[in-house]
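Me: Here is the file I want to go through with you. I'll ask in no particular order.

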Amino acid sequence: MKKKILLLNLILGLIIISGCASNKKPVEAQYFAFDTYMKVSFFEPKVGKTSAEITGLLINESERLENLLSVTRESSEVFEINSNGSREGLSADVSSLLLLSKEIWEKTGGAFDVSSYPYTKAWGFTTGTERVPDKEELSRLKECVGFSKISFDDKSISLPENGMVDFGGIAKGYLGDVLAEKLIENKVESAMLSLGGNIRVIGNKPTGELWKIGIADPENPTSICGYVSVENTNVVTSGGYERFFVGEDGKEYCHIIDPKTGIPVDNNVASVTVIGECGAICDALSTGVYVLGEEGCEPVLSAFPEYSFIIITKDKKIKISDEIKDSFTLSGEYKVEEITE
Ligand code: AMP
Ligand code: MG
């Protein structure tokens, strides 16, 4: 079955490859992985593998990581960890994601916490069974949530009773890092990966121009409220608008949960974009900063001086780190403010 999916993905990916190096058009491919559409676009290197071979590599890597990290695929390593509460023998990917998740958990004061999965599951987000759990249920779940209750080293992990982990807030950023490494290894000098909204660019456009990456308008996510001009970096956004449901009480509940309360975040932040070298860090930070909110996030922004932030608030402000404010072009009705770190 696994092989069939892989083959199907490969065929799908290859079928929609278009463009070629000779007429200086990028090679483009789309495929489905991590429950979302992945779009890769790169310029074929002058030496080495063909564009079809490189595309195949990217699709295989995406499939390999999804098979390790999916919380819903019964064959995945994470599914096994969550079902058994422990595992002897961890893949290098899961082990490094645990380490990085711990670091971001510490540095966000617990706002980014991969052990929040019992909450996410109770709200029905990953199973398509959205519902509002009652207070008793949430306070029962509190017993098994909290990164400090997980023990792990590079070879094994042990969860508290009923504890579960979920790398949904960091996995696509990590995937961007892994795919970028594959592209660079294969001498690709110019590429753009759009991994379910997470953007990774390699180099510049072949013309030498910067890549222009649109930042979605949270009030109308099919349009943008501005774009950043960047090279060789990640642009990763978390926003409540990306996935939410309306409860019977008429309230909107988004898929990002405050680990301290077990309740979907509802503060003045509409989206957080993080720009920087490591995709996994950008991804985890965008989720963590979203949880912390406009004021609460300030110490985290200062703790990551190499990363830049664009915070869009529900009252239509765009707060932007000083070092990228000149790279940002506004195209909506927002008031731009500088973040003072
Ligand atoms: P993102 O879209 O990157 O912000 O990630 C959101 C996903 O991360 C959710 O769909 C959950 O799978 C997971 N998640 C939700 N809340 C948190 C949290 N506070 N810390 C870590 N992961 C979370
Ligand atoms: Mg994230």
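Me: Start with strand S2. How many of its residues are buried?
Reply: Five of the seven residues in S2 (residues 36-42) are buried, so the strand is mostly covered. Buried means under 20% relative accessible area, exposed over 50%, partly exposed in between, using a 1.4 Å probe on protein chains only. Strands (E, at least two residues) and helices (H or I, at least four) are DSSP runs numbered from the N terminus.

Me: Before I go on, what are the ground rules here?
Reply: This is a predicted model: local features need pLDDT of at least 70, side-chain atom pairs count only at pLDDT 80 or more, and totals for chains, interfaces and linings use all residues. Residues are numbered from 1 along each chain as its sequence is written, chains are lettered from A and ligands numbered from 1 in the order written, and side-chain values use heavy atoms, leaving out hydrogens and water.

Me: Fine. Back to S2. How many bridges does it make with S1?
Reply: Seven, with S1 (residues 27-33) and S2 in the antiparallel sense. Two strands pair if DSSP finds at least two bridges between them. One bridge matches Tyr31 with Met38 in S2.

Me: What sits between S1 and S2?
Reply: Two residues, and the strands form a hairpin. Phe34 is in the turn, with a positive phi of about 50 degrees.

Me: And which way do S2 and S6 run?
Reply: Antiparallel, joined by five bridges, with S6 covering residues 191-195. Lys39 stands opposite Ser194 there.

Me: Change of topic. Which residues are the protein donors of the magnesium ion (ligand 2)?
Reply: Gly169 gives its O, Asp283 gives both O and OD, and Thr287 gives OG1. These atoms lie 2.0 to 2.5 Å from the ion. Donors are N, O and S atoms within 2.8 Å of the metal (3.2 Å for Na, K and Ca), and water is not among the atoms, so sites may look incomplete.

Me: What spacing do the donors follow along the chain?
Reply: G-x113-D-x3-T. Asp283 and Thr287 are four residues apart in helix H8 (residues 279-296), so about one helical turn separates them.

Me: Asp283 and Thr287: buried or exposed?
Reply: Asp283 is buried, and Thr287 is too.

Me: Now helix H7. How many of its residues are buried?
Reply: Eleven of 15, so H7 is largely enclosed by the rest of the structure. Among the buried residues of H7 are Tyr174, Leu175, Asp177 and Lys182.

Me: And what follows H7?
Reply: Lys187 does, with a positive phi near 65 degrees.

Me: Next, aromatics. How many aromatic pairs does the count come to?
Reply: Eight. The rule: rings of Phe, Tyr and Trp (its six-membered ring) pair if their centres lie within 6.5 Å; planes under 30 degrees apart are stacked, over 60 edge-to-face, and the rest tilted. Trp123 and Tyr253 are a tilted pair, at 5.1 Å centre to centre and 40 degrees between the planes.

Me: Where do Trp123 and Tyr253 lie?
Reply: Trp123 is in the loop between helix H5 (117-122) and helix H6 (135-142), and Tyr253 is in strand S12 (residues 252-254), so the pair ties together parts 130 residues apart in sequence. Trp123 is buried at 2% relative accessibility. Tyr253 is buried at 8%.

Me: What else pairs up?
Reply: Phe304 and Tyr307 make an edge-to-face pair, 6.2 Å centre to centre with 80 degrees between the planes. Both residues are buried.

Me: Which residues form one aromatic cluster with Trp123?
Reply: Phe125, Phe245 and Tyr253 join Trp123 in that cluster.

Me: Last bit, the sheets. What order has the one with S8?
Reply: S8-S9-S18, an open sheet of three strands with antiparallel pairing. S8 (211-217) and S18 (328-330) are at the edges with a single partner strand each, so one side of each has no neighbour in the sheet. Seven bridges join S8 to S9 (residues 220-230). Ile213 stands opposite Val228 in S9.

Me: And the sheet with S3: what order there?
Reply: S3-S5-S4, another open sheet of three strands with antiparallel pairing. S3 (86-88) and S4 (151-152) are its edge strands, pairing on one side only. S4 and S5 (residues 156-158) share two bridges. Phe152 has Ile157 in S5 as its bridge partner.
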